[in-house]
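Student: I have a model open and would like to work through its fold. Can we take it step by step?

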Amino acid sequence: MSEYIGRFAPSPSGRLHFGSLVAALGSYAVAKHKNGKILLRIEDLDFFRCKKEYTSIILKELDEFGFVFDGEPYIQSEHTDVYYRVAKKLVEEDKAFYCNCTRSHLKTGVCHCREKGLKENAQDNLALRFIIPSKHQNSFEDEVYGVISSPVTVDALTLIRRDKVISYNLACVVDDIHQGVTQVVRGSDLIDITTTQMCLYNALDTECISYLHLPLAMADETYKLSKQNRSPAVLDQGTPSVMLIKALDFLNQDISGLNPQMSPKAILNQALDNFEIKRIPVGKKVIKA
């Protein structure tokens, strides 16, 4: 068996909210439970939304919760050459094509850019789109949910936008391969994109990794907790110890021996000793601020 390698990959578009804490705790606890490594990746490629000051804040807040990651944080914006190199390789192998369609056209019209054979030209503001193979998997096995059917609903996937923002899907898959990640632990809001990302793994001649999706923390019955929805920062709602216990309870873990007077590291250590993957619930749950 190869060594287990997990990762937590926040985006510095705001401070950590409760959903971020659940994802951090879940990925961290699963990796430690499996005697593996847990990496920290900062996904800051969307330069319209991400700010460097939030990277520093997120690192500080994770430290306040007592998380100790393996190795230095991997900052995506420092490795853009890697993503462009992979993208160019996909074009050369006729697995991706340049596109000059607007987003609105892609939503309502048919794209013929693949047939046009457009060439890379910085002045043309072309996007790069990955061709979904005609034969692909439409299901995968999740460690919590079991077998999930999730048909791929698009025939092409944007890898680099016209404004030159490298997409989450390209960077996520490339980094997981590059860093040797063996399992992705993340929120269940990303279940739908999993089989599409699996197509990219295959296109890059790499075996797909395993997945474990965590229950989704909701602001209300409609909206998930997220920075885009301006969810409150988790450390504005309670101390690190209080919020850690709340996150453990959200993951249905045994919190009977924990109390807010304990240090975050003491809470983490005790929680890791008692952590059970089989107790992680599925679905969504509204969290009151």
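Student: In what order do the three strands of the open sheet stand?

Tutor: This is a predicted model. The sheet is open and its pairing is parallel. E1 (5-8) and E3 (74-75) each have a single partner strand, so both stand at the edges. The order is E1-E2-E3.

Student: Which residue stands opposite Gly-6?

Tutor: Look along E1 and E2 (residues 37-42), which pair in the parallel sense over four bridges. The residue opposite Gly-6 belongs to E2. That residue is Ile-38.

Student: At what angle does helix H2 run to E2?

Tutor: Helix H2 spans residues 52-64. H2 lies across E1, E2 and E3. Its angle to E2 is about 155°.

Student: Is Asp-94 buried or exposed?

Tutor: Find Asp-94 in the loop between helix H3 (80-92) and strand E4 (96-99). Its phi is positive, about 60°, although Asp-94 is not a glycine. The relative accessible area is 53%, and the cut-off is over 50%. Therefore Asp-94 is exposed.

Student: What phi does Lys-164 have?

Tutor: Lys-164 sits in the loop between strand E8 (156-160) and helix H6 (168-178). Lys-164 is partly exposed, at 32% relative accessible area. Most residues other than glycine have a negative phi. Lys-164 has a positive phi of about 75°.

Student: How many of the ten residues of helix H7 are buried?

Tutor: H7 covers residues 194-203. Its buried residues include Met-198, Cys-199 and Leu-200. The helix is largely enclosed by the rest of the structure, because the buried count is nine.

Conventions. Residues are numbered from 1 along each chain as its sequence is written. This is a predicted model: local features need pLDDT of at least 70, side-chain atom pairs count only at pLDDT 80 or more; totals for chains, interfaces and linings use all residues. Side-chain values use heavy atoms; hydrogens and water are left out. Buried means under 20% relative accessible area, exposed over 50%, partly exposed in between (1.4 Å probe, protein chains only). Helices (H or I, at least four residues) and strands (E, at least two) are DSSP runs, numbered from the N terminus. Two strands pair if DSSP finds at least two bridges between them. Contact means heavy atoms within 4.5 Å. Axes are lines fitted to C-alpha atoms, for helices over the stretch in contact, and angles run from 0 to 180 degrees between N-to-C directions.
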